[in-house]
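Let's take a friendly walk through this model, starting with a pair of helices and moving on to the sheet. Keep the 3D view open as you read.

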Amino acid sequence: MAARVLLRRSLAGASAVPGLPPGGGLALRGLVSSASRPREDSWLKSLFVRKVDPRKDAHSNLLAKRETSSLYKLQIHNVKPECLEAYNKLCQEVLPKIHEEKHYPCALVGTWNTWYGEQDQAVHLWRYEGGYPALNEVMSKLRQNKEFTEFRKERGNMLLSRKNQLLLEFSFWNEPVPREGPNIYELRSYQLRPGTMIEWGNYWARAIRFRQDNNEAVGGFFSQIGQLYMVHHLWAYKDLQTREDIRNAAWHKPGWDELVYYTVPLIQEMESRIMIPLKISPLQ
C-alpha cells in the first residue's frame with residue numbers, strides 16, 4: 001500500500017511538468033511504474049515468503065523407527081467381481097510359500113478383502129526386513145521363481161487394476177504383529193497437504209495414547225514411493241459395534257478433541273476401508 005501511495009504522488013507531480021505534451025503523463029506513468037515494479041514486487045513478496053525450517057535431516061528419518069530398518073509394501077488390487085473367489089484361492093496357495101520361505105527376507109503382515117468401501121478389492125501388506133536391499137533381493141529372486149511367474153500371469157487376468165506404495169512405519173505406533181481373531185480391520189488412509197507430515201506426526205505422537213486401551217491400534221505408516229504424503233492407520237476391532245463404541249469413547253478423554261481439531265486441516269482427502277482377513281493372514 002505504501003509503495004502505491006508513493007507511486008501516485010510521483011505520478012501527480014509528473015503530470016504538472018511544464019512542456020509535457022497531451023498524454024505525456026501516461027507515457028511517464030508507464031515508465032515510473034516499470035521502474036518501481038521490481039521494488040514493489042520484492043516488498044510484497046516479503047510479506048508472504050515462509051522461512052525455511054532449519055532441519056538437517058530427512059522427514060523419514062525424523063518420523064520412522066530407528067531401531068528397525070523395515071520397509072513395508074502396501075498392495076491394493078481391484079479384482080474382477082466374478083474372479084474374486086478364484087483370486088483368493090490362488091493367493092492362499094502361493095503367498096504363504098513366499099512368507100514361510102527363509103530364502104526370502106520378507107513377511108506377509110496381513111491380507112484382506114474389503115467388506116465396506118471399494119468392493120471386490122484385495123489388500124496385502126508385506127514387510128521387508130532390511131529395507132530397500134531386502135526388497136531388491138526378494139524381487140530379484142521372485143523373477144527367477146517359475147511358480148511365482150505363473151502366479152502373476154494368472155493373477156493378472158483376474159484384475160481390473162492394481163497399485164502399490166512403499167511405506168515406513170511411524171516411530172510412535174505399535175509394531176504390527178500377528179494376532180488371533182476373529183477381527184475386522186479398518187484401514188484409514190489420509191492424503192495430507194504437502195509439507196504437513198512432520199506436523200501430523202507431532203500431533204499423532206500424542207493422539208495415539210488415546211487409542212491404546214482396547215489394543216485396537218495395529219500399525220501406522222507413511223508413504224515413501226507411490227502416492228506421496230499418504231498416511232495409513234490400521235485398526236482391529238471385534239465387530240462394527242465395538243468399533244463404534246471405542247471411537248465414541250475417545251471423545252470423552254480430555255485432549256482428544258483438541259488433537260482432532262488441529263489434524264483435520266492437514267488432510268486433503270481421507271478414505272476408510274473395513275476389511276476381512278483371508279485365512280492365511282497373520283492378522284486374524
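Start with helix H4 (residues 84–100) and helix H6 (residues 146–156), which pack at an angle of about 155° with their axes 11 Å apart. Angles over 145 degrees count as roughly antiparallel, so H4 is roughly antiparallel to H6. Their crossing is left-handed. Do keep in mind that this is a predicted model.

Which residues make the contact between these two helices? On the H4 side you will find Tyr-87, Leu-90, Cys-91, Val-94, Leu-95, Lys-97 and Ile-98. Helix H6 contributes Glu-147, Phe-148, Phe-151, Glu-154 and Arg-155. Sorted by character, the residues in the contact of H4 with H6 comprise 8 nonpolar and 4 charged ones, with no polar ones.

Now turn to the strands. Here 8 strands close into a barrel, and following them round gives the order S1-S3-S2-S8-S5-S7-S6-S4, with antiparallel pairing. On average, neighbouring strands of this sheet are turned by 35° against each other, direction ignored.

To see one of these pairings in detail, look at strand S1 (residues 71–79) and strand S4 (residues 159–169), which are joined in the antiparallel sense over 8 bridges. Within this pairing, Leu-74 has Gln-165 in S4 as its bridge partner.

Helix H7 (residues 197–207) packs on the sheet as well. It touches strand S5 (184–192), strand S6 (217–225), strand S7 (230–237) and strand S8 (267–277). The direction of H7 makes about 25° with that of S7.

Definitions and conventions: Residues numbered from 1 in each chain as written. Predicted model: local features only at pLDDT ≥ 70, side-chain atom pairs only at ≥ 80, totals over all residues. Heavy atoms only, no water. Pairing = 2+ DSSP bridges. Helix = DSSP H or I, 4+ residues; strand = E, 2+ residues; numbered from the N terminus. Axes fitted to C-alpha atoms, helices over the stretch in contact; angles between N-to-C directions. Contact = heavy atoms within 4.5 Å. Parallel < 35°, antiparallel > 145°, perpendicular 65-115°, else oblique. Left-handed = near helix turned anticlockwise from the far one by under 90°. Nonpolar A, V, L, I, M, F, W, Y, C, P; charged D, E, K, R; others polar.
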